[in-house]
Amino acid sequence: MKRAIYPGSFDPLTNGHMDIIVRSAAIVDELYVGVLNNRAKNSLFSVDERVSMIKEMTETISNVKVVSFDGLLVDFAREIQANIIIRGLRAVTDFEYELQIAQTNHVEYNEIETIFLTTSLQYSYLSSTIVKEFAAYGGDISQFVAPQFVDRIYDKYGIDPEKRCRKQ
């Protein structure tokens, strides 16, 4: 059985993340979306909120499970008996960083392999950081995230609906 993990903070879940989830689910038997509980980061959404949002978006994909984890990814992989880590790549700079992590993970847990999926061109610029930056200033984020999350994100910043930019 090909059991994979697509790990990340997903704060918030973007259309680029969803693209990787859908494509990954099509090539593995079971896909765990692992929501990292990184205590060092000051997250916009709680871990429970992020898990809930991803579950909402993946409820029709039967082989996707959404769970939170903390600690080392390789320890979580062992725990769920995953043999694949999925990582999305936007640019060459992502590859250099991700390759180093993949090699380290393989040294720590030699049964794990990392598969890199290049982001679809339409999302190659997109990151959670960009979404948060735009939202914090009331910029239009409707092209970056699922429609049902737009207001939730703005609300986290206390952006008044009247002051939000909307695409014309």
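Two strands are taken to pair if DSSP finds at least two bridges between them. On this basis the predicted model contains an open sheet of five strands, with parallel pairing and the order β3-β2-β1-β4-β5. The edges of the sheet are formed by β3 (64–69) and β5 (113–118), each of which pairs on one side only. Neighbouring strands are turned against each other by 30° on average, direction ignored.

At one end of this order, strand β2 (residues 30–36) is joined to β3 in the parallel sense over six bridges. Within these strands, Tyr32 stands opposite Lys65 of β3. Helix α2 (residues 47–58) lies across β2 and β3, and runs at about 175° to β3. Towards the other edge, helix α4 (residues 92–108) lies across β4 (84–89) and β5, with an angle of about 160° to β5.

The largest nonpolar core comprises 37 residues, and Ile21, Leu31, Ile141 and Ile153 are those with the most contacts inside it. At least two residues of this core are supplied by each of β1 (3–8), α1 (15–25), β2, α2, β3, β4, α5 (128–136) and α6 (147–157). Leu31 illustrates the surroundings of one such residue. Leaving aside residues up to four places away in sequence, Leu31 touches Ala4, Ile5, Tyr6, Ile21, Ser24, Ala25, Asn63, Val64, Lys65 and Ile86. Another core, of 12 residues, lies apart from the largest one and includes Leu73, Val74, Ile85 and Ile112.

Aromatic rings were examined next. A pair of aromatic rings is described by the distance of the centres and the angle of the planes. Five aromatic pairs are present in the structure. Phe69 and Phe76 form a stacked pair, with 4.6 Å centre to centre and 5° between the planes. Phe69 and Phe76 are both buried. Phe134 and Phe144, in turn, form an edge-to-face pair, with 5.4 Å centre to centre and 90° between the planes. Phe134 belongs to helix α5 and Phe144 to the loop between α5 and α6, so this pair ties together parts that are 10 residues apart in sequence.

The two members of the edge-to-face pair were also assigned to accessibility classes. Residues under 20% relative accessible area count as buried and those over 50% as exposed, with partly exposed in between. Phe134 has a relative accessible area of 40% and is therefore partly exposed. Phe144, at 8%, is buried. Ring pairs further link Phe134 and Phe144 with Tyr125 into a cluster.

Methods. Residues are numbered from 1 along each chain as its sequence is written. This is a predicted model: local features need pLDDT of at least 70, side-chain atom pairs count only at pLDDT 80 or more; totals for chains, interfaces and linings use all residues. Side-chain values use heavy atoms; hydrogens and water are left out. Helices (H or I, at least four residues) and strands (E, at least two) are DSSP runs, numbered from the N terminus. Axes are lines fitted to C-alpha atoms, for helices over the stretch in contact, and angles run from 0 to 180 degrees between N-to-C directions. Contact means heavy atoms within 4.5 Å. A nonpolar core is a set of buried Ala, Val, Leu, Ile, Met, Phe, Trp, Tyr and Cys residues joined through side-chain atoms within 4.5 Å. Buried means under 20% relative accessible area, exposed over 50%, partly exposed in between (1.4 Å probe, protein chains only). Rings of Phe, Tyr and Trp (its six-membered ring) pair if their centres lie within 6.5 Å; planes under 30 degrees apart count as stacked, over 60 as edge-to-face and the rest as tilted.
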